Structure formats: C-alpha cells, structure tokens
Protein chains: 2
Amino acid sequence: MASSSSDSSFPVTASNINPKVVKCEYAVRGEIVTLAQKLQESLNANPGSHPFDEILYCNIGNPQSLGQKPITFFREVLALSDHPDILDRAETQGLFSADSIKRAQTILSQIPGRATGAYSHSQGVKGLRDAIAAGIEARDGFPADPNDIFLTDGASPAVHTMMQLLIRSENDGILCPIPQYPLYSASIALHGGTLVPYYLDEASGWGLEVSEVKKQLEDAKSKGISVRALVVINPGNPTGQVLSEENQREIVKFCKQEGLVLLADEVYQENVYVPEKKFHSFKKVARSLGYGESDITLVSFQSVSKGYHGECGKRGGYMEVTGFSAEVREQVYKLASVNLCSNISGQILSSLVMSPPKVGDESYELYKAERDAILSSLTRRAKTLEDALNKLEGVSCNKAEGAMYLFPRIRLPEKAIKAAEAVNKAPDAFYCARLLNATGVVVVPGSGFGQVPGTWHFRCTILPQEDKIPAIVSRLTAFHEKFIDEFRD
Amino acid sequence: MASSSSDSSFPVTASNINPKVVKCEYAVRGEIVTLAQKLQESLNANPGSHPFDEILYCNIGNPQSLGQKPITFFREVLALSDHPDILDRAETQGLFSADSIKRAQTILSQIPGRATGAYSHSQGVKGLRDAIAAGIEARDGFPADPNDIFLTDGASPAVHTMMQLLIRSENDGILCPIPQYPLYSASIALHGGTLVPYYLDEASGWGLEVSEVKKQLEDAKSKGISVRALVVINPGNPTGQVLSEENQREIVKFCKQEGLVLLADEVYQENVYVPEKKFHSFKKVARSLGYGESDITLVSFQSVSKGYHGECGKRGGYMEVTGFSAEVREQVYKLASVNLCSNISGQILSSLVMSPPKVGDESYELYKAERDAILSSLTRRAKTLEDALNKLEGVSCNKAEGAMYLFPRIRLPEKAIKAAEAVNKAPDAFYCARLLNATGVVVVPGSGFGQVPGTWHFRCTILPQEDKIPAIVSRLTAFHEKFIDEFRD
C-alpha cells in the first residue's frame, strides 16, 4: 500500500467512514488470501524457500485460473462479436466454426446498429433476453418472459440490487442458510439489514428443514425484525447439497404462506455430480404447484462464472424477477438504469450459456465433448477429495452432490483450540493458515461462512486440475496427521 | 411489464421497499426515454404514423449507438484476448495487425495462466494496472502507482463505491455542481446522504467559483451537515466547460484547506474541442503544487465509455485512489473484493485506452486517422449545434469546450409554463416531450440535472453522425418557432 502515514493525519479515517463498510466481511478474498499472495511473492523471489513449489488456490470457485479451458464455441462467438469487421473475410471461415459465425451474425442483428460498443437497454439487449427466456422455458417446461430478465455483471450485483430494494433498516431481516456464501452476509451488512440465520443440518447431508426456517422466522419476528426474504442456495455453496423437489415444494409453499420473497441462488444449476439428484429451478417448482405471478415473489440468480464453462472473468449473469407489482418492478428497472447496463460481452455469453449449440450444429460435438469432459472430471475430483477428507482423523465430509465445494467438518483437539485462542484466531482459521504455510494449499475457514457454534470446518474447491489432485491429497493428509499429532490432547 | 395486479396484493410494495430507492432519480434514462421507446415501437409497427421516420437519441453519451465505429486496434486486441487459440494460426496474420497480435500476447502473458476467463485480483490484473499507471505518468509528468488503480465496470460503480465509503447518514454531505450528471444525485440518494449543491455560473461559461463552493460549504455546516467530499466534473457534464489550470489550483487548495475528498470525474479527458483549452488532471495540478499523499485525498474517475473511443458497452474504467490512509485503503479494497473483480475485457480496454499504439507501430496511422476523424467531427458537430441553438428565439447556449453535450438555456413564455403546470410537468420536461413527439429528437430536461430555480434548460448530445445534424437543426428550429408562436405571451 502506498499510503503508510498514520490514519489520524487524514481527513477520512477508519473511524469516520460508513460503519456498515467496516462491519462487512468477505472471507473468500480475506486474510487467508492475503497470506497466500505474500507466499506467492516470496516463492517468486526465492524459489525453494518454502516446503512447496506452488500455491494451490482451493479458496474460490475460479476454474479457469486453475487451468480449465474455455468452451471453444463461446469464445469464437465472443471474438467475432468484438470485431465484426472480420465476419465477411475469407480467412475467418478457416479460423472459426460455421455456426459460431452464424450465431455472431444473429446476435449482431439483435443489437441496435450492430453496436456491441453501445450501452444497451438497462435490462440488457432484448434479443439476448429472448434467447435466455427461451432457454429457461426449455429447461423448466414453463413460460419465461424476456421482460423479467435483468442482465447483470455477474450474480453479485444482482444480489446487491435485491438487498438494496428490500432493506430499509436493521429492523429488516433476510433469512440466510448457515453455512452461507459470504456475499449474502456482506451485502446485508452493507445495506444495513439483519441476517436471520437458519441452520442447514450437517447430519442429514446439509438438509434444509422448513421447520428450522420457521423457528428462526418466528424468533426474528419476536425480536421485532420484519423478515423480507428467504435466501436459498441450490446447489449449495459452500455445502454442495442438491435439494430434492419435495423439499423445494415445501420451501415455496412456506414463502407464499409467510409473504417472503424467495431469493434463489441457482448459479450452480449445471453442476450436479450424482445420478440420483437433478436440478429443479424454484420457478419450475412454483409453477408446478400452480403458483403464478400473484402467488409468490421469486428472484432467480444465474451467472456465467459457474456451470461447466466457469467464465468468471466475463462478469455475465442475470436475474429472473417474477411476482413483483408493476410499481416495484419500475423501481428495480430504475436501479438497473442508474448503472446504464451490464457489459455486452457478459450479456452475449449469458445468452450462449442458456442456448448452447444443438445436435446437428457444426460445433455440437466439440461443445459436448468439452462440456462432458469438464463435468465428468469435476465428478471424479469431488469423489477423490471427499474420500481423502473422510479418511483423515476427526474429519467428516458430506458428499458434493453439486456446486464446486467440499465443506468438511474438522474436530480439533482442545490444545489446538487453545493455541488458536492464544494468537487471537478462530480455530479453523488457525488450521487453514497452518495448512497454507505448510503445503501451499489455500482453503477458507468455515467461520467465514458461518457454522454451528463449537464446530469447525473449511471450504475447499474441487477445481484444481486432475493432475494436481494426488499432490493435494498427499500434502493435506501429511499435514493433517502432523497437526493432530502436534496438538493431540 | 408482466406484473399488472395492484400493488397492495403483493408482500413487497412501493410503500414498504427501501425509501432511498424510491427517492433516487436518474433522468438520463427516465420518463423521456420511456416515451421515446414507445414512439420507436409505434414507428416500427406503423411506419409513417408520426411526423418523423426515426428517433434521434440525443439524450445519452452513447456514441456507437448512433453509428460511431470502434477503433480497429482496440477491437482486434479484444477479439484475440477472447479467443487466444487463434493467435498462432497462419490465417490470423492476414486478419489482424501485427501489433494487435503482439499486444494480445503481451496482455495474455500478464494474466496468470493466460486466463481471460478467470476472476482477476480484485483491483484488476496487475500488468494492466502497470500499463494504466504508465499512461497516467506519461499524461501528467508525475508518478502513478499501479496499486492506486482500481479497475471497475465503468465509472458508475466506482462513484458508488466512494459514496458508500464516505456516507454514514443524511448528516453527511457531498458538494456537487449544479447542473450535475445525475449519477451523483442518484448515488447520494441511494446511500442516504445529502447533496450539497454549488452552482456553476452560466454567465461566465459555466464557471466554477470557489467562493460559491465555500459559501455553500459554510451554509451546509451551519445546518449541521458534515461535508465529506467535493465532486468536480471536468470537462463538464452536462455543461461542457473545461476548467483552467488556475481554477483547478484554487479548487485543490480549497479541498486541502477544508479537508474535503476531491472526487474528480475526468471521464471526458480526451474530449476537448477548443484550441485555447487543455485537459489537466487534478492529480497533476495537486502534484504541481507540491501536494503529496498526505496533503490531499483525491480520487480520479476514468471510463472507456467516453473519449474518442466511446466503448460504452464494454463497461470498463478505473479509479485512481490517492491520499487515503492504509486503513481506509483496506476498506476500499474490501469493497472491491466483495464483487470479486470487474470484467476482464473492460480491464484490457482500459489499459489500451491509456496506452494506445505509438508512432512506428503498424496500427498507428490507422489508429490516429480513426481517432482524429472522430474528434474533429465532434468539434464540428458541437459548433454547428451550438450555432443553431443560439439562433433560436429566447435560447442561449454556452460553448461545448469539451465532453459530449450542449446545455442551452431556454426562456419559455409564461403561457408555456402555465400549460406545463396544468399537466403537472416541469416546463422544460414539457418542452422536451413536445419536441420528441413532434420531431423524434430525444433530449433530457434540465430539471434532471439541476439548474438555478426559474431557469430552464435541456441537455443535447453532440453525438448523432454528421449526416444527421442538418435534419436535427432544421427539425429543432421548426419545432421551436412553432412552440414559441403557440405559447407567445
């Protein structure tokens, strides 16, 4: 950091900025990542100075940073949309697939003036929203309205928009799963609301019990909290469970009954690894129950960052906003318009993700091979890491049915807990820092996601490429044995 | 809108959402644009149904939507970065310039794993920030630190970040010019602060008088407002003035003296149309005065949406953050990290804008020709529109020295003001709606930007392509004469 004078010599200080900003925490890029970056710099400067030769980032769902290749068709269309001048050149036929050229032409024809460098409609280019709505219809078997789609720079800004809309003060509560993805706690803190936790049941594979949600709702109400919305992350982050359709029906009925907005984080909808589970969108479940616009207020978040494509750097995504009155919809539109529009490449990619090549298209076979290779490799990696974790003394790990994470529980010896307290660290943060310093493996302490008090976890992605997995398993195993031996009670 | 049931049948209503959202206004995409979209649809459905054959959008600084072509070199590099697989193919040599291939290679080598699909560092890719810092140094003649650069999805999110950081409650004030770009009033409203207006002096070409700023600051203080920052837009939006270096020095000294953060909106730094004026960054002015990090807290906003390139749809930009303590800088970093990172294409484009081709590069001549053609055409368009506006009865228009707008004052007859009141509209909104219905020309009422009470203006961009300008001038002139005749007192 360039500024190093003491805080008090500046007019703006940590004690006179917005206290909501100070309160907000975001563990996925927090202290452990700062330590990893320092180690990385130290490794670059002095190779061989640590007991490992590379940092293995298992802290964040960022597949392409770990070597996952992008889907060729998607990148072809993006490149052609960025530089349409080459569309009619003979050389282009040799470099790009015929259907990527055709798709880029179609997309350009949907953008007023073929101008990929222009601000679009604040909700996103209408033709791209049409393609997304068609993709949702094909997925769900129920109609989707392109006017319900708001394209965004990834799912995060969409979540912020909803929190900004719903939270008036600290008396407004948002029901969030614990463990949760810390975007939710961060966004609720930034908007000055109250996170109302409901606990997922680790013993039943991170089950979501409506009775628990109801208990927490009643408890919050009794404290004068007006609970506005229920966040559900399915497939789960950091917990990896995939909800059953029956469970989803209960949740939908509960939200209708209680007048709660259902905020459905469905960004891992393509990431399901077990044959016995299938992703169902909450909108499909609601419509299957016969619930229409006036029965339930439902927002579904989707992102190009996840799925098999993992295009995090493109910052594309959308929210499908249903069951709001016209007056409130206008307010959502106004919030979108203040930021003009989301980035057009991300918009295009969102449409591609929801309408990939089809059987018979020139790119289909390659697309299918790339997609299936990634998904089946993720399935294998999830299983290998899960098995390895479950072999460790005092560690138990639920199955990653979906998403990109394992969230093992670690039973730490009392001595380790004391040692952590002595250095003013949460015991799981202490464990994760020791792991990183010993092995170069970066995982995020469970305390960043929330957990039942007195239990300790960490989140580990399943994203390192398969050739790295054996090294991670052996380093983690060796570290864990040594750690437990060191602190054994 | 799909939802049409009455507001009260939904759990979320316009009266129980965040009142800050309801309060926020954003005229650039407000009522007048909704009317324009309706007319557009009507024209598409029934060509010939209106006294014009196209809608001419002069409401927003969106050059490529009006036919401006992108800079070839920038788009070549973006396409190659999106699809690096083609970099080594023989056909690519025929399709792309040699220096665009080289630049893409350099950029890819700066991105860990060459992964343009990965989340980057939360401030943006380090190598791209290096290029931007070098560009700032070359522009200013003073050092710039890549660690001071935060890459963002356009300038708007950067402005929101600063408002979020500085505003604790309605007792915190932000000094803003009036007229202002309504992103500022919208963002201050959303974050619950108080806009402290200072008036630009129309009679002296929208001059910024420090005495006026001081008067408003004292006035706000006397009301118990804690004023945190001063917003200066240079070149001005919607006012088009370019500040003199002497004026900027006064402003910098004033901010130091009063302990105000200087929020410098410098997104139009490439858009200067008069030989007697030159853009100077506030950082250069501050450093020229000998002011360092501990003397003044200064944030400069830059965007790829403006300049000669006008790449609005790419949502790229950055803020250069200087003079904050390390503690506060950490908080800014945390806010950036909650949204992970800005889109990588926008990051790359930001670096290209700050380091375009140089003399001797293969692309230089084409780049220079494209850039100069756009800037000289904008200069001609500004002059033609300014002259035409000044010829209208009761209209006076300051010079567009820079930026992309004219902001003429219209003296409306008393009868027109009464007619506007009768339909519950601001008189300038009434004028603009009539203009749109009669001519298809979309301009934004001055009331959306703020103006001295009792004066009326509109903002008109200089962005329609040159072949459209004569039609705009003749339609506007004919409309205005008829309007004044109709309402003449």
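Which element contributes the largest share of the lining of the largest cavity? In this predicted model, the answer is α7(B), with three residues. The paragraphs below place that helix in its setting, beginning with the cavities and ending with the relation between the two chains.

Rolling a probe the size of a water molecule over the atoms shows where empty space is left. Applied to the whole structure, the search returns six cavities of 30 Å³ or more. The largest cavity holds about 190 Å³ of space, and 21 residues line it. Nearest its centre are Y119(A), A155(B), Y181(B), V267(B) and K306(B), a group in which chain A is represented by Y119(A) alongside residues of chain B. Two elements of chain B, α7 (155-166) and α8 (183-190), are the ones that give two or more residues to this lining. In chemical character, the lining of the largest cavity comprises twelve nonpolar, five polar and four charged residues. Its residues also come from two domains of chain B: domain 1 (7-66 + 369-487) and domain 2 (119-354) each provide at least three.

Attention can now turn to the second largest cavity, whose volume is about 160 Å³. Here the lining consists of 18 residues, and those nearest the centre are A155(A), S156(A), Y181(A), V267(A) and K306(A). In chain A, both α7 (155-166) and α8 (183-190) supply at least two residues of the lining of this second cavity. The largest share, three residues, belongs to α7(A). By character, the lining of the second largest cavity divides into ten nonpolar, five polar and three charged residues.

How the two chains are arranged completes the picture. Chain B is superposed on chain A by a rotation of 180° with 0.0 Å of shift along the axis, at an RMSD of 0.0 Å. This is the relation of a two-fold axis. Which residue of chain B comes closest to the rotation axis? That place is taken by A79(B), whose C-alpha lies 2.0 Å from the axis. At the interface, 100% of the interface residues of chain B are also interface residues in chain A, so the copies meet through the same surface.

Returning to the opening question, α7(B) gives three residues to the lining of the largest cavity, and α7(A) gives three to the lining of the second largest.

Terms used:
Residues are numbered from 1 along each chain as its sequence is written. Chains are lettered from A and ligands numbered from 1 in the order in which they are written. This is a predicted model: local features need pLDDT of at least 70, side-chain atom pairs count only at pLDDT 80 or more; totals for chains, interfaces and linings use all residues. Side-chain values use heavy atoms; hydrogens and water are left out. On a 1 Å grid over the protein atoms alone, a cavity is a set of points where a 1.4 Å probe fits but cannot get out, and a pocket is an open set with protein on both sides within 12 Å along at least five of seven lines; lining residues have an atom within 4 Å of a point. Grid points are joined across faces, edges and corners, and a volume is the space filled by probe spheres set on the points. Helices (H or I, at least four residues) and strands (E, at least two) are DSSP runs, numbered from the N terminus. Ala, Val, Leu, Ile, Met, Phe, Trp, Tyr, Cys and Pro count as nonpolar, Asp, Glu, Lys and Arg as charged, and the others, Gly among them, as polar. Domain bounds come from an automatic or database domain assignment. Copies are superposed by least squares on the C-alpha atoms of residues with pLDDT of at least 70 in both. Contact means heavy atoms within 4.5 Å.
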